[in-house]
Amino acid sequence: MRLRQGQFSFLPDLTDDDIRTQAQYAIDNGWAVSVEYTDDPHPRNSYWEMWGHPMFDNPDAAAVVFEVNECRKEHGGKYIRVLAFDATAGWESIRMSFIVNRPAEEPGFRVVRQEVDGRSVRYTIESYAVREPEGQRYA
Amino acid sequence: MKDDAKTVTDAKKRYSAGVMKYAQMGYWEPDYEPKDTDIIALFRITPQDGVDEIEAAAAVAGESSTATWTVVWTDRLTACDKYRAKAYRVDPVPNSPGEFFAYIAYDLDLFEPGSIANLTASIIGNVFGFKPLKALRLEDMRLSTAYVKTFQGPATGIVVERERLNAYGRPLLGATVKPKLGLSGRNYGRVVYEALKGGLDFTKDDENINSQPFMHWRDRFLYCMEAVNRASAATGEVKGTYLNVTAATMEEMYERAEFAKSLGSVIIMIDLVIGYTAIQSMAKWARANDMILHLHRAGHSTYTRQRSHGVSFRVIAKWMRLSGVDHLHAGTVVGKLEGDPATTKGYYDIFREEYNPMALENGIFFDQDWASLNKMMPVASGGIHAGQMHQLLTYLGEDVVLQFGGGTIGHPHGIEAGATANRVALESMVFARNAGRDIWNEGEDILRDAAKTCTPLKQALDTWKDVTFDYASTDAPDFAPTPEVSA
């Protein structure tokens, strides 16, 4: 499977130049760009590991591409995403999110059904990868 | 000013039994300066032949506040000057002989806090059937901060909805399941599964899918949630389907909403026809149960569409933001349903902005501060398809749900292909916009390029390339982009 989170996951993988133009769009809007990685891609895993703080005072998207590549050196077998944070009153949350790195194999998720009263079912989505401990989940 | 439009100030004359003009009774005050706490209504009035517009405006003020048809002495037991609504300005409508804009101010104490039912009972109560008027339309309202703060506002709001869905930086995508009537629960869930797996964020029940012989509501909910969870596992995304809980009684709606919650749905849906009080009740329930609340505006065109009579949709939008729904349909500009670009922009601004400055060219007559009420997500649906993506993104922006019903399910290679075509078109257009391309002029090229690596998009573009809905609008702003009438 292909993890479809983020705003560009139905497009071909982004090149470094693509990452730069998108990060520059965020910077030009006054948003702080951040790099995060994880080996637990559950759709409700809000807290991927931070590759440093959001880059609050960085005017140049080349620095974002640099950090993405530094992150890849250590976590190239995991998911890496780029986020943009908007501190404007009334928003104060994420404006952009896109995946820039994937594991070579994406085993995906299984649906666990607990059949309960009547015909009701309690559903759980579980990543196949998280059956292994952290750090051993992808090749 | 004509003498018969002046307030009679001699108390003995003012309160002697009999009939008196509304303007003389004190409902016309041309010198009145609205207070910051006042609620202001702007009506389009069309007086009967021979009825003076000032008297007509005063009559509207009177009939929507304290007046009855004759003088009553019991007024004198009250602070009646305060409770009388005050018409304070009447302007001719540009290019519309016989029509006038009447501005009427209402004291805050005329209204129960936090009740749309109470507000509407006054503002659109008896007065719309008033004989001296040929027609009456409520065009806009200024809701004072003091009044706005008595409402909950959207249960979830755009920002938190995005956080819950883990979906940022692009419009959300949806589709209404079709055919809207007749599918069994099992077949219905198939459409949901295919569409969500293909790339949509949401699918949607239609407004009249409740609990009919061909599919009772529990069956629908159970099959839909199986589909939602399967699609979520297939894509790694949070998915939702608007489970319509509209029913005959509040008790039944709560029962359906509770069942949706127990199955793990992120969103439920109601129809406008359930009424203002029921909408507010469901909004409170949604806030208390972490549920996104979608409102389908079923029925609104019966009173929003004609320019001379009824209630403008921009007023309905304001009432719904107060009431506390998270999603509301607001037009597509380019699709099959009513809506010109300027008017639709006005609606979208009411949904999504913290503050609306007066913008006559968009039909917005007042500055409106939303006082930190959550933002509502506009929903665009009705006759839109992937080939219009550059127009949709330009007109409607990023915080919107684009719903392609026929444009997903009608895809020649199936529902999943239709969904993928829409998602790829969307992502490629957002990407191009962010990269600095002129999507308005280059949109078709951008889509063609994206279709080179996405066969479903190519098929969609080929199928619907010539489909447009280019009809004159029945409800456009009265003022040109450079307004000649100052305010």
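In helix 8 of chain B, the buried residues (under 20% relative accessible area, against over 50% for exposed and in between for partly exposed, with a 1.4 Å probe and protein chains only) are B:Gly185, B:Tyr188, B:Gly189, B:Val191, B:Val192, B:Tyr193, B:Glu194, B:Ala195, B:Leu196 and B:Gly198. The model is a predicted one, in which local features need pLDDT of at least 70 and side-chain atom pairs count only at pLDDT 80 or more, whereas totals for chains, interfaces and linings use all residues. Residues are numbered from 1 along each chain as its sequence is written, chains are lettered from A and ligands numbered from 1 in the order in which they are written, and side-chain values use heavy atoms, with hydrogens and water left out.

Helices (H or I, at least four residues) and strands (E, at least two) are DSSP runs numbered from the N terminus. Helix 8 of chain B, residues 185–198, is mostly covered, since 10 of its 14 residues are buried. From first C-alpha to last, this helix reaches 20 Å, close to the 20 Å expected at 1.5 Å a residue, the expected span being 1.5 Å times one less than the number of residues. The cover over its buried residues includes strand 6 (202–204), helix 9 (217–235), strand 7 (240–244), helix 16 (406–409) and helix 17 (415–434) of chain B, where contact means heavy atoms within 4.5 Å. Just after helix 8 of chain B, B:Gly199 takes a positive phi of about 135°.

The loop between strand 5 (172–176) and helix 8 of chain B holds B:Pro179, and the peptide bond that joins B:Lys178 to B:Pro179 is cis, with omega near -5°. Most residues other than glycine have a negative phi, and most peptide bonds are trans. A positive phi of about 55° is nevertheless found at B:Asp290, which is not a glycine; this residue lies in the loop between helix 11 (276–288) and strand 9 (292–296) of chain B and is exposed at 53% relative accessibility. B:Ser372 likewise has a positive phi, near 65°, and is placed in the loop between strand 13 (368–369) and strand 14 (377–381) of chain B, where B:Ser372 is exposed with a relative accessible area of 59%. In helix 7 of chain B, residues 157–165, the buried residues are B:Gly157, B:Ile158, B:Val159, B:Glu161, B:Arg162 and B:Leu165, and the helix is followed by B:Asn166, whose phi is positive, near 60°.

Both B:Leu165 and B:Asn166 also appear in the lining of the largest cavity, together with A:Arg4, A:Gln5, A:Gly6, B:Ala167, B:Arg170, B:Asp201, B:Glu237 and B:Val238. A cavity is a set of points on a 1 Å grid over the protein atoms alone where a 1.4 Å probe fits but cannot get out, and its lining residues have an atom within 4 Å of a point. The structure holds 6 cavities of 30 Å³ or more, and about 50 Å³ of space lies in the largest.

Between the two chains, the contact takes 43 residues from chain B and 38 residues from chain A. The buried area, which is the accessible area (1.4 Å probe) that two parts lose on being put together, summed over both, is about 3,300 Å² between chain B and chain A, and carbon and sulfur atoms give 54% of that area. On the side of chain B, B:Tyr168, B:Phe431 and B:Asn434 lose the most area to chain A, together 20% of what that side buries.

How values were computed. On a 1 Å grid over the protein atoms alone, a cavity is a set of points where a 1.4 Å probe fits but cannot get out, and a pocket is an open set with protein on both sides within 12 Å along at least five of seven lines; lining residues have an atom within 4 Å of a point. Grid points are joined across faces, edges and corners, and a volume is the space filled by probe spheres set on the points.
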